[in-house]
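Q: I am new to this structure and would like a close look at a single part of it. Please pick one helix, describe its surroundings, and then follow the charged side chains around it.

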Amino acid sequence: MLFSERIKELRMQYKLPQRHLAAALDIDTATYCKIEKGERKAKREQVCILSGLFHVKQEDLIVLWLADKVSDIVAPEKQVAINVLSVVKENLKGIV
């Protein structure tokens, strides 16, 4: 599930209007709408605010947010995308 899909799902679950979330993020409603549609990327600070508003673990939303960022970078490289992600996974084993 993409970050944008998840925040829309949570917003609807909590029956919150987009304007309420936009105000909490200190952005206009049109900008929030673009984030929810996946046309614009949220900032990390905004992800943290949304996790608090939706009462979900911050890590859960950050995982989706980062996955979207990684996907945006590797998706155009269709022939090697999976190999790239495998290399990244291997390199991260030493860090984690």
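A: Just after helix α2, D26 takes a positive phi of about 60 degrees. This residue is not a glycine, and its place is in the loop between α2 and α3. D26 is exposed, with a relative accessible area of 72%. The model is a predicted one, and helix α2 is the part examined here.

First, the setting. The protein chain has six helices and zero strands, which gives the pattern α-α-α-α-α-α when read along the sequence. Its C-alpha atoms fill a box of roughly 40 × 25 × 20 Å, taken along the principal axes. Of the 96 residues in the chain, 29% are buried. Among contacts with a separation of 6 or more, 51% are between residues 24 or more positions apart.

Helix α2 covers residues 18-25, and its buried residues are Q18, L21, A22 and L25. Seen down the axis of α2, these buried residues fall within an arc of 105 degrees, so they line one face of the helix. The spacing fits a general rule: an α-helix has 3.6 residues a turn, so residues three or four places apart point the same way. On the other side of α2, R19 and A23 are exposed.

The buried residues of α2 pack against three helices: α1 (3-13), α3 (29-37) and α4 (44-54). The packing with α3 can be described in detail. The axes of α2 and α3 are 8 Å apart, and the two helices pack at an angle of about 105 degrees. Angles of 65 to 115 degrees count as roughly perpendicular, and α2 and α3 are therefore roughly perpendicular to each other. On the α2 side, the residues that meet α3 are Q18, R19, L21, A22 and L25. On the α3 side, the residues are T29, Y32, C33 and E36. Q18, L21, A22 and L25 are the buried residues of α2, while R19 is exposed on the other side of the helix.

The loop before α2 also deserves a look. K15 lies in the loop between α1 and α2. K15 has a positive phi of about 55 degrees although it is not a glycine, and K15 is exposed, with a relative accessible area of 73%. After α2, the loop to α3 holds D26, with its positive phi of about 60 degrees. A residue with positive phi thus lies in the loop between α1 and α2 and in the loop between α2 and α3.

E36, one of the α3 residues that meet α2, leads on to the charged side chains. The side chains of E36 and R11 form a salt bridge, with N and O 2.7 Å apart. E36 lies in helix α3 and R11 in helix α1, so the pair ties together parts that are 25 residues apart in sequence. E36 is buried, with a relative accessible area of 7%, and R11 counts as buried at 13% relative accessibility. E36 therefore takes part in the meeting of α3 with α2 and, through R11, in a link from α3 to α1.

The whole structure contains four salt bridges. Another of them joins E9 and R6, at 2.3 Å from N to O. Both residues lie in helix α1, three residues apart, about one turn of the helix. E9 counts as partly exposed at 35% relative accessibility, and R6 is partly exposed with a relative accessible area of 22%.

K41 and D72 form a salt bridge as well, their closest N and O atoms being 3.0 Å apart. K41 lies in the loop between α3 and α4 and D72 in helix α5, so this pair ties together parts that are 31 residues apart in sequence. K41 is partly exposed, with a relative accessible area of 40%, and D72 counts as partly exposed at 43%.

K41 also bears on D68, a residue of helix α5 (residues 58-74). D68 is buried yet has no salt bridge. The nearest side chain of opposite charge is that of K41, 4.7 Å away, and a salt bridge needs a nitrogen within 4 Å of a carboxyl oxygen. Leaving out residues up to four places away in sequence, D68 touches L2, F3, S4 and K41.

Conventions: Residues are numbered from 1 along each chain as its sequence is written. This is a predicted model: local features need pLDDT of at least 70, side-chain atom pairs count only at pLDDT 80 or more; totals for chains, interfaces and linings use all residues. Side-chain values use heavy atoms; hydrogens and water are left out. Helices (H or I, at least four residues) and strands (E, at least two) are DSSP runs, numbered from the N terminus. Buried means under 20% relative accessible area, exposed over 50%, partly exposed in between (1.4 Å probe, protein chains only). Lys and Arg count as positive and Asp and Glu as negative; His and the chain ends are not counted. Contact means heavy atoms within 4.5 Å. The arc is that of the directions from the helix axis to the C-beta atoms. Axes are lines fitted to C-alpha atoms, for helices over the stretch in contact, and angles run from 0 to 180 degrees between N-to-C directions. Angles under 35 degrees count as roughly parallel, over 145 as roughly antiparallel, 65 to 115 as roughly perpendicular and the rest as oblique.
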